[in-house]
Each structure stands twice: as structure tokens, then as C-alpha cells.
Amino acid sequence: MTDKKSIRKSRAGRENGRQLLLLDSQKNEKINEGPFFVHNQNKLFIVYSANGCSNEDYCLGMLEYIGGEICNNTSWKKLDQPLLYKSDKLFGPGHASFFYSPDKTELWCAFHAILDLNDNQTFKTRFACIN
């Protein structure tokens, strides 16, 4: 932002963002949301939720800044696999935030997930988790 009321003109556009945040879904739900910026070990990342939150394939994708103009798609590399994905105990992890352990030696992730398989893709109770 150039000031409190303006957004700088050079930014990733909506179409560029769609190309950059590719889907991580097996069900082809075209949803990417909740981006969270992470700075860790002198590297920059964007972690985002992908897929519909009402299904067990909801997951966390991650982009790593590899250099260049920060608003260009070519300046970011997408992880080949989701950062967090369903397991046999948690389904649909998403909407993450990150913080350091009290002794500052580990980067922890707080996210929400459902505890049982959601076959009918209805909204179920989500629980807060820390990993």
C-alpha cells in the first residue's frame, strides 16, 4: 500500500492468483482461501486452504518464494504435495496459522479439522488442532 487508502498498482491479479494457487483436490472443487504468510529460516511462504471445507480432501497447500518481483507468479514455487492432508485420524485440515514454540526452537501450526470421515460432504464440527 502506498498509503492507508491506496493499494499499489503492481500486484498479482485475480487471474494470476488462480494460475498460481493450483488445486490440490481430487474432487476438483475450485476453492483456494485463507492465505497465511510465513517467514521462517530466512524463507518466505504462503500457506493456503484448498478445496471445499465440507469434504475430507480439504487441505493446506504451500507456496515458497524463490526470488524476483514478489507479485509475479514466476517468483513462487508450489509444493508438489499438500503441506497437511487427511490422515486416518483427521480429515480436512485447513485454515492454518503458525507460531513458535515457547522456547522458539520449533514452528508450530494451528489449524482446524474434522475427526471422522465426511462421506456425505455435510458441514461437521471442526476441532482446533496444533501440530
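Good morning. I shall begin with the surface of this chain. Its accessible surface comes to about 8700 Å², and carbon and sulfur atoms account for 54% of that area. Please keep in mind that the model is predicted.

Let us turn from the surface to the interior. The chain has 131 residues, of which 34% are buried.

Next, the secondary structure. The chain contains one helix and seven strands. In sequence order, the pattern reads α-β-β-β-β-β-β-β, so that the helix precedes the strands.

How many residues form the largest nonpolar core? There are 12 in that core, and among them are V38, F45, V47, L60, M62, F98 and F111. Four strands each give two or more residues to this core: β2, spanning 43-50, β3, spanning 59-65, β5, spanning 91-100, and β6, spanning 107-114. The largest share, three residues, is supplied by β6.

A second core, separate from the one just described, has five residues. Y48, A50, L63 and W76 are included in this second core.

I should now like to examine one member of the largest core, M62. Which residues does M62 contact, if neighbours within four places in sequence are set aside? In the stretch from F45 to Y48, M62 touches F45, I46, V47 and Y48. Further along the chain, M62 is also in contact with K77, K78, L79 and L83.

Finally, a remark on the chain as a whole. Among contacts with a separation of 6 or more, 40% join residues 24 or more positions apart. Thank you for your attention.

Key:
Residues are numbered from 1 along each chain as its sequence is written. This is a predicted model: local features need pLDDT of at least 70, side-chain atom pairs count only at pLDDT 80 or more; totals for chains, interfaces and linings use all residues. Side-chain values use heavy atoms; hydrogens and water are left out. A nonpolar core is a set of buried Ala, Val, Leu, Ile, Met, Phe, Trp, Tyr and Cys residues joined through side-chain atoms within 4.5 Å. Buried means under 20% relative accessible area, exposed over 50%, partly exposed in between (1.4 Å probe, protein chains only). Contact means heavy atoms within 4.5 Å. Accessible areas come from the Shrake-Rupley method with a 1.4 Å probe; for residues, only the protein chains shown count as cover.
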